[in-house]
Amino acid sequence: MLFSFSSLTSSLSRYFLIPALFFSISAKDLSTQIENYLKGINFISADFEQILNTGKIYEGHFWLAKRGKTKAKIEYTKGLNQDIFINDAYITIIDKKTNKKYTNLISQTPIYSVLTGKLSLSKEKYKIIENNKNILRLVIEKSSSFGGISIMLVFSKYQNGNIKNLEAWIINDGKNETLFSFDPENLSVNDEKKVPESIFTFKSR
């Protein structure tokens, strides 16, 4: 199996308690539904928990907006003194202690394809780990378009079998695994009022 989940099992327990019963839906129909869902996300606001396989836990708030450009902000409130800004293909990490910033390209990373809605499963090697009436888990295996990084996407589902929300992702870079999960209690999708443009403004000294 691609992910060992050795130190993440307890944190992921709510994703694994459901028996792995598979719905009878074609892989093509399922991949189309996933791609359309990601394309249809224009705004996200939610608290999050980030867990490393070392046991470290970070918390904060996440915003996403697609107003022409895809923008995201990760504001840590526990564990890290950082803000992270994503502006289309670029990611900027700001150290809030020193106000130093570090900018890199992310266009070859899985998170870029997920957040921008540009994920094309027909071009990727992926495996459905679980698909039942409550949850869908699939792993996109290492590929050149993802820079050799693998990602698992975890979706909740409606009773009719359609995708409800993207609940979490797990990134594996070959050395470390990182879980990033949204708090379902305050996850807001496509409510523009909860994601003002001012959220994405940062100032340097």
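**Figure 1. Contacts across the whole chain of this predicted model.** Let us start with how the chain meets itself: among contacts between residues at least 6 apart in sequence, 48% join residues at least 24 apart. The protein contains three helices and 12 strands. Of its 205 residues, 46% count as buried. The protein exposes about 10,800 Å², and carbon and sulfur atoms supply 50% of that area.

**Figure 2. Confidence along the chain, with a look at the N-terminal stretches.** The average pLDDT of the protein is 84, and 82% of the residues score at least 70. For residues 1–11, however, pLDDT stays under 50, although the model has 31 contacts beyond four places in sequence for them. Residues 13–23 also have a pLDDT below 50, and the model gives this stretch 31 contacts beyond near neighbours in sequence. A friendly caution for this view: where pLDDT is low, the predicted coordinates should not be read in detail.

**Figure 3. The largest nonpolar core, and another one apart from it.** The largest core has 38 residues, and those with the most contacts inside it are I34, L38, F62, L153, F155, W169 and F182. Apart from this core lies another, made of nine residues, including I51, I135, I170 and L179. Zooming in on L38, and leaving aside residues up to four places away in sequence, you will find that L38 touches K66, V114, G117, L119, F155 and L166.

**Figure 4. Aromatic pairs that link distant parts of the chain.** The whole structure holds 10 aromatic pairs. In one of them, F48 and Y76 meet edge-to-face, with 5.5 Å from centre to centre and 85° between the planes. F48 sits in strand β1 (residues 43–52) and Y76 in strand β3 (residues 69–78), 28 residues apart. F48 is buried because its relative accessible area is 4%, under the 20% cut-off. Y76 is likewise buried, at 6%. The ring centres of F62 and F182 are 5.3 Å apart with planes at 55°, so this pair is tilted. F62 belongs to strand β2 (residues 57–67) and F182 to strand β11 (residues 177–182), a separation of 120 residues. Both F62 and F182 are buried. Ring pairs join F48, Y58, F62, Y76, W169, F180 and F182 into a cluster.

**Figure 5. Salt bridges of K78 with E59 and of K73 with E75.** The protein has eight salt bridges. In one of them, the side chains of K78 and E59 meet at 3.9 Å, N to O. This bridge links strand β3, which holds K78, to strand β2, which holds E59, the two residues being 19 apart. K78 is partly exposed, with a relative accessible area of 42%, and E59 is partly exposed at 28%. The side chains of K73 and E75 meet in another salt bridge, at 3.4 Å, N to O. How accessible is K73? At 9% relative accessibility, K73 counts as buried, whereas E75 is partly exposed at 24%.

**Figure 6. The salt-bridge network around R67 and E197.** In the salt bridge between E197 and R67, the closest N and O atoms are 3.0 Å apart. E197 lies in the segment after β12 (188–189) and R67 in strand β2, so many as 130 residues apart in the chain. E197 is partly exposed, with a relative accessible area of 35%, and R67 is partly exposed at 32%. Follow the bridges and you reach a network that links R67, K71, E192 and E197.

Definitions and conventions. Residues are numbered from 1 along each chain as its sequence is written. This is a predicted model: local features need pLDDT of at least 70, side-chain atom pairs count only at pLDDT 80 or more; totals for chains, interfaces and linings use all residues. Side-chain values use heavy atoms; hydrogens and water are left out. A nonpolar core is a set of buried Ala, Val, Leu, Ile, Met, Phe, Trp, Tyr and Cys residues joined through side-chain atoms within 4.5 Å. Buried means under 20% relative accessible area, exposed over 50%, partly exposed in between (1.4 Å probe, protein chains only). Contact means heavy atoms within 4.5 Å. Helices (H or I, at least four residues) and strands (E, at least two) are DSSP runs, numbered from the N terminus. Accessible areas come from the Shrake-Rupley method with a 1.4 Å probe; for residues, only the protein chains shown count as cover. pLDDT is the predictor's confidence in each residue, from 0 to 100. Rings of Phe, Tyr and Trp (its six-membered ring) pair if their centres lie within 6.5 Å; planes under 30 degrees apart count as stacked, over 60 as edge-to-face and the rest as tilted. A salt bridge is a side-chain nitrogen of Lys or Arg within 4 Å of a carboxyl oxygen of Asp or Glu.
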